Amino acid sequence: MADRTPLVVVGDALLDRDLTGSADRLAPDAPVPVVSECAERVRPGGAALAAYLAARDGREVTLITGVGDDPACLALRELLDPWLTLVPLPLTGTLPEKTRVLAQDRPVVRLDRGGGRVREATEEARTALRAARAVLVSDYGRGAADALRDVLAARPPLVWDPHPRGGPPTPGTRLVTPAEKEAHGFASRDGRPGGGLRAAALDAAALVRDWRAAAVTVTLGARGALLSYGEHPLLVPAPAAHHGDACGAGDRFAATAAGLLADGALVGEAVEGAVTAASAFVAAGGAGALPPAGAGPVPRSDPDSDDPRALTARVRAQHGTVVAAGGCFDLLHAGHVGLLQAARRLGDCLVVCVNSDASVRRRKGDGRPVNPLADRVRVLRALACVDAVAVFDEDTPERLLGDLRPDVWVKGGDYAGADLPEAALLQEWGGQAVLLPYLDGRSSTALLARAAEGVR
């Protein structure tokens, strides 16, 4: 924690609740699903979720937000108390609560109650904000940011996550992070339709000018984010498309971007890191899959590494399908890419099991691999269809597969008719080994032969 810059979060806290059950019939008195056996999970929401996520990353966090003494506020205080320092602002009314009812992990209806708003700033809040080394504003339009606007204007925040009901970010904010629909609503004055990269680029450029912000990034969901400094935007694609629960992804994006900027990253680097974090957050199940408040902080992640075991555990916990594929992948070619893309479509994540350098040499002979392990792993990780890479040193990956226990094991079609020792292993836990066709004439050996012929 000592190497991470402390973060002050200013914004509007909510209390979020999920009621999750199953639905297999309609009510007799109306055509609506009957959700039965509901389990309840309560978690921080709004600015409190952004602050909570930053704290779970191992960062020292102070949250300045409106709270009172109603039951929802007391429940929120209990959730936040072990994780961060709370600086309360006086609240008129009760804390806003959002309750989702989910069947088979899919939302059926949302119930909102509580319309509390921040009444005024306090001297304690002003002092905490003036002393902050890094500030994230998570504005949900309920008065916290407006109450402290004079202090924020004198010391512009690193990141401002806006809301249609809130005010504009203070001039000089380093990065503003509206979602695509929000950006279009903020920027559009001429009735032009929204949607698409061109519209997002025009909206972002207009908001940089209107808000006098250093940069605006428009979050695009599964497509990633578009970063603009006023012209020539940078598109940061998501590392993989995940279609899980996106609840809380915007807060994960803002908290990550603010933390990276606080630690000295450039804006572009912060946006790239935030896209990766938000994508992983959705893949893991979104806010609804957060560990209980009593669980320890998440270990600091290395952007150049992945954890296939943690990934498979998350996907399996969400009742998803884990797919694994294996090979040397020495000279990556179109046949490899086609195989991996097809493999990824078979499930909810793809782990590539790749031979170590020593394993390749035993299989292919001296002179192989052409590309060392670190290079092969880096190229594989760069493919959007690959979620994680695992390395094995043996001639075959049985030990690694026994550890990962994938639901589907994929090999290229050039193994047709050959004995697959992995097939019997997969059957032990109910998995299935399958063959997928390769593109004709594509192989690393053929590439090497053609290269040698060209040299001669």
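User: Why is Arg405 called partly exposed?

Analyst: Buried means under 20% relative accessible area, exposed over 50%, and partly exposed in between, using a 1.4 Å probe and protein chains only. Arg405 has 41% relative accessibility, so Arg405 counts as partly exposed. The model is predicted: local features need pLDDT of at least 70, side-chain atom pairs count only at pLDDT 80 or more, and totals for chains, interfaces and linings use all residues. Side-chain values use heavy atoms, without hydrogens and water, and residues are numbered from 1 along each chain as its sequence is written.

User: Where is Arg405, and what is its phi?

Analyst: Arg405 sits in the loop between helix 14 (398-404) and strand 19 (408-412). Helices (H or I, at least four residues) and strands (E, at least two) are DSSP runs, numbered from the N terminus. The phi of Arg405 is positive, about 50°, although Arg405 is not a glycine. Most residues other than glycine have a negative phi.

User: Why does Phe329 count as buried or exposed?

Analyst: Phe329 has 5% relative accessibility, so Phe329 counts as buried. Its place is in the loop between strand 16 (322-327) and helix 11 (334-344). Phe329 also has a positive phi, near 50°.

User: What makes a set of residues a nonpolar core?

Analyst: The members are buried Ala, Val, Leu, Ile, Met, Phe, Trp, Tyr and Cys residues joined through side-chain atoms within 4.5 Å. The largest nonpolar core has 87 residues, and Ile64, Leu129, Val159, Leu175, Val216 and Val271 have the most contacts inside it. Helix 1 (residues 47-56) gives the largest share of this core, nine residues. Apart from it lies another core of 19 residues, which include Phe329, Leu339, Leu383 and Val386. In soluble globular proteins, nonpolar side chains tend to be buried together.

User: Which residues is Leu129 in contact with, leaving aside its neighbours within four places in sequence?

Analyst: Contact means heavy atoms within 4.5 Å. On that basis Leu129 is in contact with Val8, Val10, Ile64, Val135, Leu148, Val151, Leu152 and Arg155.

User: What makes an empty space a cavity or a pocket?

Analyst: On a 1 Å grid over the protein atoms alone, a cavity is a set of points where a 1.4 Å probe fits but cannot get out; a pocket is an open set with protein on both sides within 12 Å along at least five of seven lines; and lining residues have an atom within 4 Å of a point. The structure holds one cavity of 30 Å³ or more. The largest cavity holds about 40 Å³ of space, where a volume is the space filled by probe spheres set on grid points, which are joined across faces, edges and corners. Its lining includes Asp12, Thr65, Arg117 and Arg142. Strand 4 (61-66) and strand 9 (117-118) each supply at least two residues of that lining.

User: What is the volume of the second largest pocket, and which residues are closest to its centre?

Analyst: The second largest pocket has a volume of about 1000 Å³. It is lined by 43 residues, of which Ala246, Gly248, Ala249, Gly250 and Asp251 are the closest to its centre. Among the elements that give two or more residues to its lining are helix 8 (249-262) and helix 9 (267-283).

User: How many helices and strands are in the chain, and what percentage of its residues is buried?

Analyst: The chain has 16 helices and 20 strands. Buried residues make up 49% of its 456 residues.
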